[in-house]
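Biologist: I'm new to this one and would like a close look at a single part: the salt bridges. Could you walk me through them and then show me what lies around them?

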Amino acid sequence: MRIAVSGSIATDHLMTFPGRFADQLVADQLHTVSLSFLVDALEVRRGGVAANICFGMGQLGARPVLVGAAGGDFAEYRGWLDRHGVDTGSVRISDVAHTARFVCTTDADHNQIGSFYTGAMSEARLIELQSVVSRVGDLDLVHIGADDPEAMMRHTEECRSRNIPFAADYSQQLARMDGSEIRMLTEGAAYLFANEYETALIESKTGWSADEVLKKVGTRVITLGARGVRIERAGQPVIEVGCPQEERKTDPTGVGDAFRAGFLSGLAWGVSLERAAQVGCMLATLVIETVGTQEYELRRAHFMERFTKAYGADAAAEVHSHIGS
């Protein structure tokens, strides 16, 4: 199964604030907030939702196709992704803008405040999926992640017109979209990804009930944080998968992307939705134990040992041949 992943490609600047944001907020002054947090750590990491997802899929051997836009400063990042099993041949390089940048501060309670500079990402709207198909062959699924909004619309419309199955995953862009845009990006999706809050926001903005959403998409994948994931399909039993035991909780950045990487890899392998979700949860656990979104090491024997402990020998046997040892 050939999967292309579209979305942002960015550099993450991750800072750590040793206190709690909540202690710095004055309830009756929120309309005029002016705060500066003295941080005690800074990590500059590779990021962007599409690049993060593709990195994880590459680690699992799924050979994803990265679709997005970056700046002339992308050469080193490209080499990194190429070495980790990602096809970067469909990345558009801007002549005028830098690669997008995410600046984020995490407090002691793992709450986050972030800002995102779009940069070259705005040129993703110029990418034709047909050019990707011409280069790599037919696509079995296009995962449409958070990106330049016009690019997300264009990729969705092109998937529909060319009968390419697609996954809707607007995540960070959901806040700026209105109901008509969300409906357009959602209807007909083979998969819809969202966390619990985003799930409620989708229903609020579209005016669709939960049942109506399920009639619009094939499979709804709702991430539940530390409780794992719930998978819903119209007329089918709900699938619920918990998370493996964490060895430590270091940094939540990129955890959702890692889940998607594992889940999409499971789809590429042809395993069940439950197994795909379990792989996603296991990969997400590795990421939360690591600072940065692409800094974890997937040691296959260790991965399978923990996967077996979390989900049992039968589940492990089904995915072992795909992951290796």
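Modeller: Start with arginine 154 and glutamate 128, which form a salt bridge with their closest N and O atoms 2.3 Å apart. Keep in mind that this is a predicted model. Arginine 154 sits in helix α4 (residues 149–162), while glutamate 128 is in the loop between β7 and α3, so the bridge ties together parts of the chain that are 26 residues apart. Is this pair buried or exposed? Neither, really: arginine 154 has 29% relative accessibility and counts as partly exposed, and glutamate 128, at 33%, counts as partly exposed too.

Now go to arginine 20 and aspartate 109, whose side chains meet in a salt bridge at 2.6 Å, N to O. This one runs from loop to loop: arginine 20 is in the loop between β2 and β3, aspartate 109 in the loop between β6 (100–106) and β7 (112–117), and 89 residues separate them. Arginine 20 is partly exposed at 34% relative accessibility, and aspartate 109 is partly exposed at 38%.

That loop between β2 (10–16) and β3 (41–47) also holds leucine 35. With a relative accessible area of 42%, leucine 35 is partly exposed. Together with Leu25, Leu30 and Val33, Leu35 makes a nonpolar surface patch of about 350 Å².

Follow the chain into strand β3 and you meet arginine 45, which is linked to glutamate 295 in the loop between α9 and α10 (300–311), 250 residues apart. The closest N and O atoms of this salt bridge are 3.2 Å apart. Glutamate 295 is partly exposed, with a relative accessible area of 26%.

Some bridges join up, too: Glu247, Arg248, Glu289 and Arg306 are linked in a network of salt bridges. Overall, the count comes to 21 salt bridges.

And what lies inside? In soluble globular proteins, nonpolar side chains tend to be buried together. Here the largest nonpolar core has 57 residues, and those with the most contacts inside it include Leu81, Phe263 and Phe307. Helix α9 (residues 273–288) gives the most to this core, with 10 residues. Look at phenylalanine 263, for instance: among the residues it touches are Tyr191, Val221, Leu273 and Gly280. Apart from the largest core lies another, of 31 residues, including Ala4, Leu129, Ile182 and Trp208.

Definitions and conventions:
Residues are numbered from 1 along each chain as its sequence is written. This is a predicted model: local features need pLDDT of at least 70, side-chain atom pairs count only at pLDDT 80 or more; totals for chains, interfaces and linings use all residues. Side-chain values use heavy atoms; hydrogens and water are left out. Patches are made of residues with over 30% relative accessible area and no salt bridge: like charges are joined within 9 Å, nonpolar side chains (Val, Leu, Ile, Met, Phe, Trp, Tyr) within 5 Å. Accessible areas come from the Shrake-Rupley method with a 1.4 Å probe; for residues, only the protein chains shown count as cover. A salt bridge is a side-chain nitrogen of Lys or Arg within 4 Å of a carboxyl oxygen of Asp or Glu. Helices (H or I, at least four residues) and strands (E, at least two) are DSSP runs, numbered from the N terminus. Buried means under 20% relative accessible area, exposed over 50%, partly exposed in between (1.4 Å probe, protein chains only). A nonpolar core is a set of buried Ala, Val, Leu, Ile, Met, Phe, Trp, Tyr and Cys residues joined through side-chain atoms within 4.5 Å. Contact means heavy atoms within 4.5 Å. Lists of a residue's contacts leave out its neighbours within four places in sequence.
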